[in-house]
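Q: I would like a close look at one part of this model. Please pick a strand, follow its partners, and then look at a residue that packs against it.

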Amino acid sequence: MREYLKIENFGPVRSAEINEIKPFTVIIGKSATGKSTIMKVVALMRYLYKLANIRSYFHLSNIKRSPFKIDFNGLMRKNGLWSMLEPSTRIVYTVSFDNGHSYTLEYNQKLKSIPDVNVEDLVFLKGAFVSENRNAISSWLGSGIDRSGMGLGFYFDETLNLFRQATESVKECDIPYLDIRMSVSKSSNSFRQYILSPHGDNRKSFRLKEASSGMKSSIPLEVIVDYMARNFNFKDAYNRSVFDYLLTADRLQDYTPAENFAGFIPIVSVHVEEPELSLDPETQITMQAHITDTLFHRCAPDRKCMLMYATHSPYLANHINLLMAEWEKDKSKGIDPDIVDVLITSADGSLHSAIVYDNSNRKVVNSEFLAKEIQSMYSDYYSLRND
């Protein structure tokens with residue numbers, strides 16, 4: 001499955017085109033240049049494509065009149081992107097396959113007709129969005145009071161709900177780059193307790209709400225990634241999606257399965273805002289190595305994993321070169337260069353790739369643009385000293 005995306009005149013994004021969204025895509029750039037906006041559009045279009053697949057499955061299963069409608073405007077209002085729409089906004093998202101089939105979702109003042117997906121191309125896309133506000137999860141849940149949906153927005157609520165779902169399945173999670181293990185237990189009042197136990201003897205355990213800011217940011221991210229890569233149950237999710245819709249529409253009697261779950265391609269897509277939050281450079285690098293290893297080497301064999309994140313960190317972008325070099329030495333480690341892209345957002349609302357090729361035709365992230373500010377500071381420093 002290959003994905004194409006084009007965005008025109010949407011919030012800070014004036015013209016951005018990604019000819020092929022790679023399974024590991026990093027978006028980097030200055031503040032307010034559209035990094036998170038582009039990623040949110042990708043996540044939204046993947047969600048809409050998931051709905052198109054479910055609807056197509058119903059059509060193939062003798063449910064000719066779909067039991068649900070895709071309300072694009074309603075989704076845009078719900079996720080807070082509505083204010084970015086302009087009369088000239090255009091969004092095109094296309095999925096294509098090696099067999100020559102392709103399916104397009106297009107918004108141009110309205111969402112155009114939803115494609116019917118052939119049975120051999122059906123996918124089950126499960127998206128996860130990890131918000132930049134995730135460090136608030138510890139306060140939200142640490143009080144033992146359910147305060148979801150109380151003001152931090154759609155993407156925080158999505159992250160919070162996914163963390164809850166993950167910790168129903170993942171009762172223990174080891175985070176080696178923080179030298180800690182998180183365990184989940186229930187207190188006497190049935191609320192979950194999130195306990196952090198440092199590695200090593202004679203080190204006292206403590207609760208997530210008492211952790212450092214880096215831990216509060218990293219632990220929800222780590223738990224969600226581990227859950228999506230290794231514990232999320234596609235079969236149960238597929239059955240819920242199908243039968244919930246059928247029960248709501250009272251159409252079970254018409255249902256003749258066109259394909260069982262084994263016929264779908266299961267795909268996990270994880271989207272992360274600023275994975276480096278509150279982490280020092282060394283920990284940022286070890287965090288990225290661990291998360292990519294989980295998604296691309298230690299994931300369950302029944303799924304394909306994809307990762308996209310928006311970042312300000314030059315350390316993460318430069319570290320990708322090391323991950324690609326590591327893979328070339330040992331295919332069980334690092335990241336396959338074929339699945340990598342690093343995209344730079346610009347102040348004029350455009351997007352371009354930071355990928356170049358060296359003399360041996362090996363893919364490299366050109367990180368010169370990340371060094372400009374440091375070089376400028378050194379230049380200003382020497383200029384001031386020499387005046």
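A: Here is a walk along one strand, followed by a visit to a helix residue that touches it.

The model is predicted, so to speak of a local feature one needs a pLDDT of at least 70, and side-chain atom pairs count only at pLDDT 80 or more, while totals for chains, interfaces and linings use all residues. Numbering starts from 1 along each chain as its sequence is written, and side-chain values rest on heavy atoms, leaving out hydrogens and water.

Our strand is S4, residues 90-96 (strands are DSSP runs of E with at least two residues, helices are runs of H or I with at least four, and both are numbered from the N terminus). Because 6 of its 7 residues are buried, S4 is largely enclosed by the rest of the structure (buried is under 20% relative accessible area, exposed over 50%, partly exposed in between, with a 1.4 Å probe and protein chains only).

Two strands pair with S4 (at least two DSSP bridges are needed for a pair). One partner is S1, residues 2-10, which runs antiparallel to S4 and is joined to it by 7 bridges. Within that pairing, Glu8 has Arg90 of S4 as its bridge partner. The other partner is S5, residues 102-108, again antiparallel and again joined to S4 by 7 bridges. Here Val92 stands opposite Glu106 of S5. S4 and S5 also make a hairpin, with 5 residues between the two strands. In that turn sits Gly100, a handy spot to check the backbone torsions, since its phi is positive at about 95 degrees.

Now for the visitor from the helix side: which residues does Arg46 touch? Leaving aside residues up to four places away in sequence, the list is Glu3, Ile21, Tyr93, Leu125, Ser269, His271 and Met306 (contact means heavy atoms within 4.5 Å). Tyr93 falls within S4, residues 90-96, and Glu3 falls within S1, residues 2-10, so Arg46 touches both S4 and its partner S1.

Arg46 itself belongs to helix H1, which covers residues 35-60. Is this arginine buried or exposed? Arg46 is buried, because its relative accessible area is 4%. Its side chain also has a polar contact, at 3.0 Å, with the side chain of His271 (a pair of N or O atoms within 3.5 Å, one able to donate a hydrogen and the other to accept it). His271 is thus also among the residues that Arg46 touches.
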